[in-house]
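Before you is a model to be read one feature at a time. The exchange takes up sheets, then helices, then empty space.

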Amino acid sequence: MNYTVVGGGAIGGTIAFHLARGGHRVRLVDADAAHVAAVRERGLVLRRAGGDERAEVDAATLEEVSGPLTKVLLCVKAQATATAAAWIAPRLAPGGYVVSVQNGLNEPLIAEHVGRERVIGAFVNLFADVVEPGVIRDGGPGAFVIGELDGSASPRVDHLVADLAPLGAKATGNVLGHLWSKLGFGAMLTATALADAPMADLIDRHRPLMHALVAEVFAVAGRLGLRLEPFDAFEPAAYLPEAPERVREEATDRLTAWLRTQPKDRSGIWRDIAVRHRPVEVHDHYRAVLAEAEAGQVDTPLLRGVLARLADVEAGRAPMGEEHLAALEDA
């Protein structure tokens with residue numbers, strides 16, 4: 001197999017579909033036996049407004065794959081990273097590598113299992129959902145960048161970018177700058193998952209809260225000396241402390257206008273709670289952020305408050321509702 005995609009959900013499924021359509025041999029590995037069976041039987045389906053498209057993709061459960069694996073795209077939820085990396089490590093071929101195509105800061109954890117020199121970072125902002133076994137609903141294009149962890153150029157990144165060109169992939173020398181920008185944007189999306197309403201509307205109605213959340217994350221990034229990168233319609237420079245309020249408001253105008261053009265109007269976090277009834281991954285995303293904040297004595301009361309309320313909602317201790325955002329604003 002040219003590529004092994006570990007985790008066939010929204011991100012992994014979308015990538016596997018496009019790789020297969022591009023003529024690459026792809027094996028999709030997933031723990032969900034029903035998903036694997038559906039892909040084997042009917043192919044991998046990408047559902048768009050204009051209809052379904054199919055791609056023939058080899059699919060297998062974890063127990064069915066022995067290796068060796070050469071080019072691995074790791075696309076599991078953040079909380080499954082350690083288990084997946086431990087599964088990959090003994091199967092990874094000499095010279096093989098793992099690309100972390102995930103949300104959050106998972107590269108150090110993967111490196112503990114396979115070695116840092118065999119890990120490549122990636123940032124992805126695809127809007128997609130698994131709507132039934134074997135079927136991914138395409139939510140529109142988004143940014144996709146790939147880069148070595150040390151910022152160097154490399155042939156393997158160039159090859160990945162060429163193969164993933166149908167998804168708009170680009171090379172970067174600052175993958176951490178992209179990942180931390182997404183953590184700032186993601187803080188807003190995490191807050192919107194507390195209520196059952198479109199992301200754009202909630203961001204629009206609660207701008208001071210949303211701006212303050214991003215500012216907390218970026219204060220931590222600033223302590224680390226990171227250069228934050230823009231992506232899609234998100235402009236991180238507008239949310240830095242020195243940015244004028246007018247610039248921030250105009251950036252949020254553009255961001256919410258862009259979000260309203262996307263077929264997917266609620267976050268994957270909201271969907272995990274309201275539709276799939278499973279644990280969300282954002283607690284893992286922000287664990288590293290909160291640890292860095294504590295080490296640098298950076299206050300993050302709003303981010304902690306959002307995560308605490310989200311834990312209550314996902315556990316059924318509190319209902320979903322916009323009153324969570326109002327309470328955070330009052331606090």
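What follows is a dialogue between a learner and a teacher about this predicted model.

Q: How many strands does the open sheet with E5 and E12 in it have, and in what order do they lie?
A: A sheet is read by strand order, going across from neighbour to neighbour. Here the open sheet has 8 strands, in the order E5-E2-E1-E6-E7-E8-E11-E12, and the pairing is mixed.

Q: Which strands are the edge strands of that sheet?
A: An edge strand is read from its pairing. In this sheet strand E5 (58-60) and strand E12 (170-171) are at the edges, and each of them pairs on one side only.

Q: In what sense do strand E6 and strand E7 pair, and over how many bridges?
A: For any pair, give the sense first and then the bridge count. Strand E6 (residues 69-74) runs parallel to strand E7 (residues 92-100), with 5 bridges between them. To place the pair by residue, take valine 72, whose bridge partner in E7 is valine 98.

Q: Which helices pack on this sheet, and at what angle to a strand?
A: Two things are worth reading for a packed helix: the strands that it touches and its direction. Helix H3 (residues 81-88) packs on the sheet and touches strand E1 (3-6), strand E2 (26-29), E6 and E7. The direction of H3 makes about 175° with that of E6. Helix H4 (residues 107-114) also packs on the sheet, where it touches E6, E7 and strand E8 (119-124). The direction of H4 makes about 155° with that of E8.

Q: What do E1, helix H1 and E2 make together?
A: Read the two strands and the helix as one unit. E1, helix H1 (residues 10-21) and E2 form a β-α-β unit, and the unit is right-handed. The two strands run parallel and are joined by 4 bridges. Threonine 4 is opposite arginine 27 in E2.

Q: Which strand does E2 join through 3 bridges?
A: A strand inside a sheet can be followed across to its next neighbour. E2 is joined to E5 by 3 bridges, and these strands run parallel. Arginine 27 has aspartate 58 as its bridge partner in E5. Arginine 27 in E2 also stands opposite threonine 4.

Q: What is the order of the open sheet formed by 4 strands, and which strands stand at the edges?
A: The reading goes as before. The 4 strands lie in the order E4-E3-E10-E9, with mixed pairing. Strand E4 (51-55) and strand E9 (128-132) each have a single partner strand, so one side of each is left without a neighbour in the sheet. From one strand to the next the twist averages 30°.

Q: How do E3 and its partners run, parallel or antiparallel?
A: Take each partner in turn. Strand E3 (residues 44-48) runs parallel to strand E10 (residues 135-138), with 3 bridges joining them. Leucine 46 stands opposite isoleucine 136 in E10. E3 and E4 run antiparallel and are joined by 5 bridges. Arginine 47 faces aspartate 52 in E4 as its opposite residue. A hairpin links E3 to E4 through 2 residues.

Q: Where is the largest cavity, in terms of the residues that line it?
A: Rolling a probe the size of a water molecule over the atoms shows where empty space is left. In this structure the search finds 1 cavity of 30 Å³ or more. The largest cavity holds about 30 Å³ of space. Its lining consists of Gln102, Asn103, Gly104, Phe123, Val124, Leu179 and Lys182. E8 and helix H6 (175-192) are the elements that give two or more residues to that lining. By class, the lining has 3 nonpolar, 3 polar and 1 charged residues.

Q: What lines the second largest pocket?
A: A pocket is read in the same steps: volume, lining, classes. The second largest pocket has about 480 Å³ of space. Its lining has 23 residues, and Leu105, Asn106, Glu107, Pro108 and Ala288 lie nearest its centre. H3, H4, H6 and helix H11 (282-295) each give two or more residues to the lining. The largest share, 5 residues, comes from H11. The lining divides into 14 nonpolar, 4 polar and 5 charged residues.

How values were computed. Residues are numbered from 1 along each chain as its sequence is written. This is a predicted model: local features need pLDDT of at least 70, side-chain atom pairs count only at pLDDT 80 or more; totals for chains, interfaces and linings use all residues. Side-chain values use heavy atoms; hydrogens and water are left out. Two strands pair if DSSP finds at least two bridges between them. Contact means heavy atoms within 4.5 Å. Axes are lines fitted to C-alpha atoms, for helices over the stretch in contact, and angles run from 0 to 180 degrees between N-to-C directions. A crossover is right-handed if, with the strands pointing away from the viewer, the path from the first strand over the helix to the second runs clockwise. On a 1 Å grid over the protein atoms alone, a cavity is a set of points where a 1.4 Å probe fits but cannot get out, and a pocket is an open set with protein on both sides within 12 Å along at least five of seven lines; lining residues have an atom within 4 Å of a point. Grid points are joined across faces, edges and corners, and a volume is the space filled by probe spheres set on the points. Ala, Val, Leu, Ile, Met, Phe, Trp, Tyr, Cys and Pro count as nonpolar, Asp, Glu, Lys and Arg as charged, and the others, Gly among them, as polar.
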